[in-house]
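Please look over the sequence and the structure shown below before reading on. The report that follows describes the surroundings of the ligand and then some details of the backbone.

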Amino acid sequence: MSTACTILGIESSCDETAAAIVSSDRTVHANIIASSAELHARYGGVVPEIAARQHLDVIRPVIEQALSEAGCSFDDIDGIAATGGPGLIGGVLVGTMSAKAIAAARELPYFAVNHLEGHALTARLTDGLAFPYLLLLVSGGHTQLLCVRGPGLYARYGTTMDDAAGEAFDKSASVLGLGYPGGPAIEKAAIGGQPNAIQLPRPRRNAADCHFSFSGLKTAVATRWQAANDAHKEGRQDAPSVADFAASLQQAIADSLVARTKRALHRFYDETGSRQLVVAGGVAANQTVRHALQELATAEGFTLSTPPLSLCTDNGAMIAWVGCEYFQLNRTSPLTFAPRPRWPLDDEAPPPPGRGIRS
Ligand code: KG4
Ligand code: ZN
């Protein structure tokens, strides 16, 4: 029988400073998020130094607010978990040092959490899902298919050979003048657009492996957008609109995710006999992507777990939850833990063909 616990989780790997208090019975007592996205908007993307300073300014009030909203004090907390990587090192340092300081002062166990594992285990917090399951992880910097067998037990089936799906959203949004953050802006702009108005590529659609490629999509959007602008300038009324571009891009990304995931579903079922699919990470907030994956899961006889929108993008609850899982396995981290800007979930996975650095 595992021991019940309540964990404070801290997330600070990108532009959200977040703290949450979560119990091992899957209760989220508080989940506070302060975003610095507005400060970065004028630069078209997250500026690491600005993000780090902002984390430093708000981390303490964010933690205090989480405790007060949960109606508890450090006396009620059994351990402190914080994102230890991967991510922007300045922010990860702020969260890690705060967590270590609290753990040392209160003599509590400390857990250095892999941010990707936070996304990976969210379905266990929200749906109580049992292992194993196939995970499509689609965040800002990662697009991966993983067989998840337990905390710390990941086998990577596929990853991106170039850009992540989130980057395809963000970079295309910038080309289309929709600003930052790009994913939600594209989704909003796509309303009323025609998903087949612009012919965009579906890279690697029929490839025999489970790896992704999205950089050609971004280039295709840029060249077609230029052509459409020229047509608008010439006064052509039939030139496609921003809405058409946004809808077509969204559809192309959803199609690519579905094609690769379909291949992975077959491999996963052959290896485990299980039919559970989970999608997690910021791009999982996109309704077109969610619907396309639901259709795939239904057609293949799989169940699909999608976190609620607020737990798709970065948050402290997912970090606290990993802390709960590790507390119960007695897997604490030493206070000497050094933040890891790169921290693959599957250290053993070979690099995808065509490149060797993104994991
Ligand atoms: O998981 P996440 O919040 O942060 C990282 O760990 O990277 O993911 C951020 C990514 C960004 O690329 C953002 O544009 C994308 O998720 N995103 C979306 C949506 N909301 C966030 N992409 C498409 N549609 C959305 N609604
Ligand atoms: Zn994330």
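## The shell around ligand 1

In this predicted model, the shell around ligand 1 is made up, by class, of eleven polar, four nonpolar and three charged residues. Altogether 18 residues surround the ligand, and the closest of them are Gly-140, Asp-170, Gly-183, Glu-187 and Gly-282.

The shell draws on two domains, since domain 1 (6–126 + 311–328) and domain 2 (134–307) each give at least three residues to the surroundings of ligand 1.

## Polar contacts and burial

Which atoms of the protein lie at a short listed distance from oxygen atoms of ligand 1? Asp-170, which is also among the closest residues, has a polar side-chain atom 2.7 Å from an oxygen atom of the ligand. In the side chain of Asp-314, an N or O atom is 3.1 Å from an oxygen atom of ligand 1, whereas Gly-166 takes part through its backbone, where an N or O atom lies 3.3 Å from a ligand oxygen. Taken alone, ligand 1 exposes 550 Å², and the protein buries 87% of that area.

## The pocket and its elements

Where in the protein does ligand 1 sit? The space that ligand 1 takes up is the largest pocket. Three helices give two or more residues each to the shell around the ligand, namely helix H4 (115–127), helix H5 (165–175) and helix H6 (182–189).

## Details of the backbone

Two cis peptide bonds can be pointed out along the chain. One joins Gly-85 and Pro-86, with omega at about -10 degrees, and Pro-86 belongs to the loop between strand E4 (79–85) and helix H3 (89–106). Another joins Phe-131 and Pro-132, where omega is about -5 degrees, and Pro-132 is placed in the loop that runs between H4 and strand E6 (133–138). Helix H4 has already appeared above, as one of the elements that contribute to the shell around ligand 1.

A further detail concerns Glu-107, a residue other than glycine whose phi has a positive value, near 50 degrees. Glu-107 is found in the loop between H3 and strand E5 (110–114).

Definitions and conventions. Residues numbered from 1 in each chain as written. Chains lettered and ligands numbered in written order. Predicted model: local features only at pLDDT ≥ 70, side-chain atom pairs only at ≥ 80, totals over all residues. Heavy atoms only, no water. Near = heavy atom within 4 Å. Polar contact = N/O pair within 3.5 Å; in protein donor to acceptor, adjacent residues only side chain to side chain. Areas by Shrake-Rupley, 256 points an atom, 1.4 Å probe, with all protein chains shown as cover. 1 Å grid on protein atoms, 1.4 Å probe; cavity = no way out; pocket = protein on both sides within 12 Å on 5 of 7 lines; lining within 4 Å. Sits in = over half its atoms within 2 Å of the grid points. Helix = DSSP H or I, 4+ residues; strand = E, 2+ residues; numbered from the N terminus. Nonpolar A, V, L, I, M, F, W, Y, C, P; charged D, E, K, R; others polar. Domains from an automatic or database assignment.
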